[in-house]
Amino acid sequence: MSITTYIIISIIKSAALISILLTAVAYSVWLERKVSARIQNRWGPTRVGPFGLLQPLADGVKFIFKEDLTQPYVYKTLYIAAPIIAVVFAISSISVIPFGNALTIPAFSLGPLGTVGPITTPLQITDLNIGLLLILGITSMGVYGVALAGWSSNSKYSLLGGLRASAQMISYEISLGLSLVGVLILAGSFSLRDIVDSQRHMHWYIFLQPVAFFTYLISAYAETNRTPFDLPEAESELVAGYHTEYSAMKFAMFFMAEYANMVTVACLATLLFFGGWLGPVFGPPIVQMLLPVVWFCLKVFFFMFLYVWVRWTLPRFRYDQLMAFGWKVLLPIAIANLVVTALVVAWRA
Amino acid sequence: MLHLPLFLIFGAICVAGAINLLVQRHPINSALSLIVVMASLAVEYLLLGAEFLAAVQVIVYAGAIMVLFVFVIMLLNAGEEEHTQGSRVALLLGVPGIAIGGVLVAWTVLRHSNTEAVALGALPGPPKDVARLLFHDFLLPFEVTSVLILIAIMGAVVLASKPGAIVRDRRPEPAQEEKRELAAVGKER
């Protein structure tokens, strides 16, 4: 493949994936409102479009036309930079997530420009051999968006929210990382594609690493500031936490970042523990090519649904409970799981 | 092909961040400059082909240690730094010191400039190579370093805790019986 084709294909893939991600983000908000309404015996959005399906669009338009307030007491540069940091890091972690096997485009002609040969490209922006580490790095940088938003708003509720967010994210990042190491030992690679490939024949790591899976899920909920870990934006005590002073599109960016992080977490859970795009494949070639993507999307959808389900089922932790749970329960479990996995692998080798 | 220009650009960003770190008056701006320095260092590692090192640099330094820095600055709500007029001793000793240091570095670089430059991929890049270096070739230094860090942590705990602070200093709750007695004489707290 020539360098020009490579660059063009990369640009197309990036643009397509980012628009898919943003659409997914918009519709997870819709999903959340619908499911929460069902749980509380309400209807949820029904007015805009069938089943309220156009509600995210209406919300987006509303966000754009709202007045963008900037309070006089904020630290302006960081106040503006914070939502950008949050959303950029949240979106860029999609770059190494694979969502299917290779895609083959048969040769076609471009008229006078000549023919473009058959192109085979993996369904992923790029396959790095440190893919998982890159995602961990990006998510660990994402905390700056929240922390700086809290600080630069120069208001007590925001500051408390920002402080809580950074403390919580540091605490739970350790058990999150340790819970993934068990899977890495079994797979023997940091590349997400290799990790999925090592789960063929139903050797999904959820069966081999159930403890790691639940540790990962719990710490990931804490990392994305979702109930029962949404202390940084606990509305009953902190108004809205770190984004109290934000309005219009800046507020929407925090919202987008939160949901994009949820999508990333759901994708990672699917790839690491549920075999990614693996699943029964049958039918004509075109169906065979697309079925893995369908399986992947279904699994991710399940995790998104689980997020909403948990949020509207469990109450919020108290802050000391949150810290005690992270350091005294989750971390020892993650370490014990890691030690046992390492011992078993070493013994069988 | 693209590596050299990118390397130079990120090197310049790194140096600019380091200078900004010293010039800025507000601690949070300095901390953010330090993050820029570390992130651009990670990019330099990546360009040299040491991708594992780059990822660890971002996760550990930019993502964990600097978050703690920012956290502490936010928690203490540290204000702008106060500057003095500058001390004469620093001027008299510092400027020649910088000059001597610069000359030394330049001399070393020029003296050894005929040695092979670090080529792309010459650094141990893939995690497996790094692991072999750490846990096989340099196992003893690695383990000794971890013990050293452990000692440092213990030292920090000892220094931070006041004598007797580890013993629970909170007054114990009055026993059930005592409570009832207190309530009886109307002294319930």
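**A guided tour of chains A and B**

Begin with two helices of chain A: the axes of H5(A) and helix H12 (residues 319-348) come within 9 Å and cross at roughly 15 degrees. Because angles under 35 degrees count as roughly parallel, H5(A) is roughly parallel to H12(A). The crossing of H5(A) past H12(A) is left-handed. Colour the residues of this contact by class, and 16 nonpolar, 8 polar and no charged residues will appear. The model on display is a predicted one.

Next, keep H5(A) selected and bring chain B into view. Which helices of chain A each supply at least two residues of the side that touches chain B? They are helix H4 (131-152) and helix H5 (156-187). The contact as a whole takes 18 residues from chain A and 17 residues from chain B. H4(A) gives the most to the side of chain A that touches chain B, namely 9 residues. Colouring that side of chain A by class shows 13 nonpolar, 5 polar and no charged residues.

Now select chain B alone. Its secondary structure comprises 7 helices and 0 strands, and the pattern read along the sequence is α-α-α-α-α-α-α. Of the 189 residues in chain B, 16% count as buried. For contacts in chain B between residues at least 6 apart in sequence, 58% join residues at least 24 apart.

Return to chain A and select A:Ala86 together with A:Ala147. These two residues touch the most other members of the largest nonpolar core, which has 121 residues. H10(A) provides the largest share of this core, with 18 residues. Then expand the selection around A:Ala86. Its contacts, leaving aside neighbours within four places in sequence, are A:Gly142, A:Gly145, A:Val146, A:Met253, A:Phe254 and A:Ala257.

For the last stop, follow chain A to the loop between helix H10 (248-273) and helix H11 (285-311), where A:Gly279 lies. Is A:Gly279 buried or partly exposed? A:Gly279 counts as partly exposed, because it has 15 C-beta neighbours inside 10 Å, whereas a buried residue needs 20 or more. Select A:Leu291, A:Pro292 and A:Trp295 as well: A:Gly279 is in contact with these residues, leaving aside its neighbours within four places in sequence. A distance label between the C-alpha atoms of A:Gly279 and A:Pro292 will read 6.6 Å, although the two residues are 13 residues apart along the chain.

Methods:
Residues are numbered from 1 along each chain as its sequence is written. Chains are lettered from A and ligands numbered from 1 in the order in which they are written. This is a predicted model: local features need pLDDT of at least 70, side-chain atom pairs count only at pLDDT 80 or more; totals for chains, interfaces and linings use all residues. Two residues are in contact if their C-beta atoms, placed from the backbone, lie within 7 Å. Helices (H or I, at least four residues) and strands (E, at least two) are DSSP runs, numbered from the N terminus. Ala, Val, Leu, Ile, Met, Phe, Trp, Tyr, Cys and Pro count as nonpolar, Asp, Glu, Lys and Arg as charged, and the others, Gly among them, as polar. A residue is buried if 20 or more other C-beta atoms lie within 10 Å of its own, exposed if 12 or fewer, and partly exposed in between; C-beta atoms are placed from the backbone. A nonpolar core is a set of buried Ala, Val, Leu, Ile, Met, Phe, Trp, Tyr and Cys residues joined through C-beta atoms within 7 Å. Axes are lines fitted to C-alpha atoms, for helices over the stretch in contact, and angles run from 0 to 180 degrees between N-to-C directions. Angles under 35 degrees count as roughly parallel, over 145 as roughly antiparallel, 65 to 115 as roughly perpendicular and the rest as oblique. A crossing is left-handed if the near helix is turned anticlockwise from the far one by less than a right angle, and right-handed if clockwise.
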